[in-house]
Structure formats: structure tokens, C-alpha cells
Amino acid sequence: VSSVDYSIGQLGGEVVFDGNLLRAHNLKGSFAGGMLVANGTVQWDQANLTNFLWNFHLDKVQLRIPQGFHTVSNADLIWRGNRSKQNLTGEIRVAEAEYNRNIDFFRDLGKLMPSSSLADQKKRKLLDPLALDLQIRFLNGMEIRTDTLRLMADGNLRLLGPAFHPSLLGRISASSGELSFLGNNYEITKGAVEFVNPLHIEPLFDLSAVTTVHGYRINLQLV
């Protein structure tokens, strides 16, 4: 899997300084394999940041976070605040989403979901002022492929709370899929992952699958 450059490159646009106020208009640059457009203001008093407001539009950016996920997304985000308190809000529209990693589905259920911590302790201090409220829409579904599972799913999610320890709310439902268990292949008849804990990321699974072995119909259920 090729790496993705998360730095901003070839940035250009209009920046105007007016006393203690900076205005940026139509800043354009490359980011994560796609494009970024930013407009914003920054205000300060002597050497102290007093407030800022940035609007970002992202087009066809690629993210490979967490490990195994690959998404191509468009987004409209608003980042506002000051040195002590910041908010990042907006909508992320996922055009392509794929999870492809060699894990055992039943042994490693937790690895299918992002970690509830987005940063280590060194980065936590940097993220402390930042609160998230992001709507995540899967426009064309999500494909999950592991050693034991093939699944097509769709849904909408909401990522919110402190950036270093956010929560995830919403539901992802399976439209079709197959899984392998104890040497047998099962057809998934119902599958869903719900996130209802407002304090941290905690997936709740509800999966039903069926197979036929030597003329016997076997139902498998995971709750």
C-alpha cells in the first residue's frame, strides 16, 4: 500500500495583514492526495492568539487511518477558537471506503474499529483544547475484507468529543457478505454495528449468518 503525504503542499492564495488581524482568502494546496481550499481569519493581541476562524473544503483526500482502512473523501470543515478552546465541526462525505487487513474476525473484533485514542500522550497536550463534532456520511458504502470476512456495508456516523478521546455515535449496516468460521462458509443475513456510548468508541455487534452442512441448516448469531 502506497503511503499518503499528509503535509500541505503548493499552497497559494491571498493573505492580508491588517493590524492585529490576518485575513486569508482562497488558499489552495495539495493535501493527502487531494486538494484543500481554506479561508479564514486570525486575530492576536501582542504575542497572544485571541481567536481564529477557518473554513476548509477538502476534495478527494485519501486517509489510511487507522491501519488497514483506506478512504477517499470530500469534506467541509469549520475550525474556530483560541489558544485554550477550539472546535472542529462539519461534514465528511466518504466516496470510497475499504478495510483490507489479514486478521481473524472472531479473535480480533476490536481491530475492525478505530482506536478510541487518536494520539499518544505526547500529542495529547497539543490536542487538549480541541473538541470534535463531525458528521461522517458513507456515500457509496464500505467494503470490509479480512481473512475470514467479506462485507459490504453502509451507514452514517458522528464523531464528537475531545480530540484525544472522542466518542462515535451511529450505525453501520451490512447489505451483503460472507464469513468463514470453523472451516465453513456462511452467508450473512443480517449485520450491524451500533455505536451508542457517548463517552468513548464502543462498537456493539449484531450479526446473523447461515450455512448448510451435510443437509443441515446452521444459523450463526453474534451479539
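User: Why is Trp79 called partly exposed?

Analyst: The relative accessibility of Trp79 is 30%. Residues count as buried under 20% relative accessible area, as exposed over 50%, and as partly exposed in between (1.4 Å probe, protein chains only). The value for Trp79 falls in the middle class, so the residue is called partly exposed. The structure is a predicted model, in which local features need pLDDT of at least 70, side-chain atom pairs count only at pLDDT 80 or more, and totals for chains, interfaces and linings use all residues. Residues are numbered from 1 along each chain as its sequence is written, and side-chain values use heavy atoms, with hydrogens and water left out.

User: What makes β5 and β6 paired strands?

Analyst: Strands are DSSP runs of E with at least two residues, and helices are runs of H or I with at least four; both are numbered from the N terminus. Two strands pair if DSSP finds at least two bridges between them. Strand β5 (residues 69-81) and strand β6 (residues 86-100) are joined by 13 bridges, and they run antiparallel. The criterion is therefore met. Within this pairing, Trp79 stands opposite Leu88 in β6. The two strands form a hairpin, with 4 residues between them.

User: How do you know that β6 also pairs with β7 and with β8?

Analyst: Strand β7 (residues 130-138) runs parallel to β6, and 9 bridges join the two. There, Gly90 stands opposite Leu134. Strand β8 (residues 142-145) pairs with β6 in the parallel sense over 3 bridges. Tyr99 has Ile144 in β8 as its bridge partner. Both counts satisfy the requirement of at least two bridges, so both are pairings.

User: What makes Phe52 and Trp79 an edge-to-face pair?

Analyst: The structure holds 3 aromatic pairs. In the pair of Phe52 and Trp79, the centres are 4.8 Å apart and the planes meet at 65°. This pair links distant parts of the chain, with Phe52 in strand β4 (residues 48-63) and Trp79 in strand β5, 27 residues apart. Rings of Phe, Tyr and Trp (its six-membered ring) pair if their centres lie within 6.5 Å; planes under 30 degrees apart are stacked, over 60 edge-to-face, and the rest tilted. The angle for Phe52 and Trp79 is over 60 degrees, so the pair is edge-to-face. Phe52 counts as buried because its relative accessibility is 8%.

User: Why is the pair of Trp54 and Phe56 called stacked?

Analyst: The ring centres of Trp54 and Phe56 are 6.1 Å apart and their planes lie at 15°, so the pair is stacked.

User: How do you know that Trp54 is buried?

Analyst: Trp54 has a relative accessibility of 14%, and so it counts as buried. Trp54 and Leu179 touch the most other members of the largest nonpolar core, which has 46 residues. A nonpolar core is a set of buried Ala, Val, Leu, Ile, Met, Phe, Trp, Tyr and Cys residues joined through side-chain atoms within 4.5 Å. Beyond its neighbours within four places in sequence, Trp54 is in contact (heavy atoms within 4.5 Å) with residues including Ala24, Leu27, Val42, Leu77 and Trp79.

User: What makes Glu91 and Arg137 a salt bridge?

Analyst: A salt bridge requires a side-chain nitrogen of Lys or Arg within 4 Å of a carboxyl oxygen of Asp or Glu. The side chains of Glu91 and Arg137 meet at 3.4 Å, N to O, so the pair qualifies. Glu91 lies in strand β6 and Arg137 in strand β7, so the pair ties together parts that are 46 residues apart in sequence. Glu91 is partly exposed at 26% relative accessibility, and Arg137 is partly exposed at 33%. Both belong to a network of salt bridges that also links Asp76 and Arg93.

User: Why does Arg145 count as buried?

Analyst: The relative accessibility of Arg145 is 18%, and so Arg145 counts as buried. The side chain of Arg145 forms a salt bridge with that of Glu98 (3.4 Å, N to O). That pair links distant parts of the chain, Arg145 in strand β8 and Glu98 in strand β6, 47 residues apart. Glu98 is partly exposed, at 28%.

User: Why is Ser167 called buried?

Analyst: Ser167 has 2% relative accessibility, so it counts as buried. The residue lies in strand β10 (residues 167-181).
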